[in-house]
Each structure stands twice: as C-alpha cells, then as structure tokens.
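Dear colleague,

Please find below the structure that I am handing over to you. My notes on what was found in it follow directly after.

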Amino acid sequence: TDTVYQINGNLSKHDFRFNQSGTEGFCESKLTGNEHVCLKYMDPEFPVFQFDLPSERPTITFKIDELEVTPESVLQTVFINKQKEYLSMVWRASID
C-alpha cells in the first residue's frame, strides 16, 4: 500500500516500487512464501537450480499498553546468494 508523506508542505504518496530491486514484473506482486524459484545459468555446476520458498509465515505481535495486536505478516524481501548458499527472507507487519 502507499503511504502518505509530507514533503515541503505538500502531501505525497510514497511509491514502494522505488525500493524494489526486482525486475519490472515483480515490482507490483506480493510474495507470500511457497513461491517456486528457478535460477538459470548462475552456477556452472547447476545450470538450473530450483526450490520452493518456505511456506511458514512468522507471527508478529505488537503489544501496546495491555492490548496485543497480531496483524498479518507480509514477505517484504527475498535475498538469494547462490555462491554462499544463503537465503534470507524479511517479513513485515503493520497496524493502523
């Protein structure tokens, strides 16, 4: 979703596509986990390397005074380092 910011006295919506490093087709889609990943020709030993992202979704709870709120978590970033065999998934959640 867009967030409204005030810049030089003017209200402006922040376009989250600005923060994307994925290709054009991935900028507007939301990841949920469990997506199929296929890396081609990034490793000479594995011309095609495929796997599914983990489908487990973390629970994120905010405690404000005595109130606990557990909004839905959203997969924000997936980072794959094939050389180090490293996968990082960053999840976020927000409340209004």
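**Salt bridges, a loop serine and the core**

In this predicted model, the side chains of K82 and D43 form a salt bridge, with an N to O distance of 3.2 Å. K82 belongs to the loop between β7 (74–81) and β8 (86–92), while D43 belongs to the loop between β3 (36–40) and β4 (48–52), so the bridge ties together parts that lie 39 residues apart in sequence. K82 is buried, with a relative accessible area of 14%. D43 is buried too, at 18%.

D43 has a further partner besides K82: a polar atom of the D43 side chain lies 2.9 Å from the backbone nitrogen of E45. The pairing of D43 with K82 also appears as a polar contact between their side chains, at 3.2 Å.

How many salt bridges does a search of the whole structure find? The search finds two. Side chains of opposite charge can pair when their charged atoms come close.

The other pair is E72 and R57, whose closest N and O atoms are 2.9 Å apart. This salt bridge links distant parts of the chain, with E72 in the loop between β6 (67–69) and β7, and R57 in the loop between β4 and β5 (62–64), 15 residues apart. E72 is exposed, with a relative accessible area of 59%. R57 counts as partly exposed, at 35% relative accessibility.

I would also draw your attention to S73, which sits in the loop between β6 and β7. Is S73 buried or exposed? Its relative accessible area is 2%, and S73 is therefore buried, the cut-off being under 20%. The S73 side chain reaches the backbone oxygen of P58 at 2.9 Å. Leaving aside residues up to four places away in sequence, S73 touches R57, P58, I60, W91, R92 and A93. R57, one of these neighbours of S73, is also the residue that forms the salt bridge with E72.

Finally, there is the nonpolar core. Which residues make up the largest one? There are six: V37, L39, F51, L53, L75 and W91. For L75, the contacts beyond four places in sequence are L31, T32, G33, L53, M89, V90 and W91. Among them, L53 and W91 are also members of the largest nonpolar core. W91 appears in the account of S73 as well, as one of the residues that S73 touches.

With kind regards

Note on methods:
Residues numbered from 1 in each chain as written. Predicted model: local features only at pLDDT ≥ 70, side-chain atom pairs only at ≥ 80, totals over all residues. Heavy atoms only, no water. Core = buried A, V, L, I, M, F, W, Y, C linked by side-chain atoms within 4.5 Å. Buried < 20%, exposed > 50% of the residue type's maximum accessible area, 1.4 Å probe, protein only. Contact = heavy atoms within 4.5 Å. Salt bridge = Lys/Arg side-chain N within 4 Å of Asp/Glu carboxyl O. Helix = DSSP H or I, 4+ residues; strand = E, 2+ residues; numbered from the N terminus. Polar contact = N/O pair within 3.5 Å; in protein donor to acceptor, adjacent residues only side chain to side chain.
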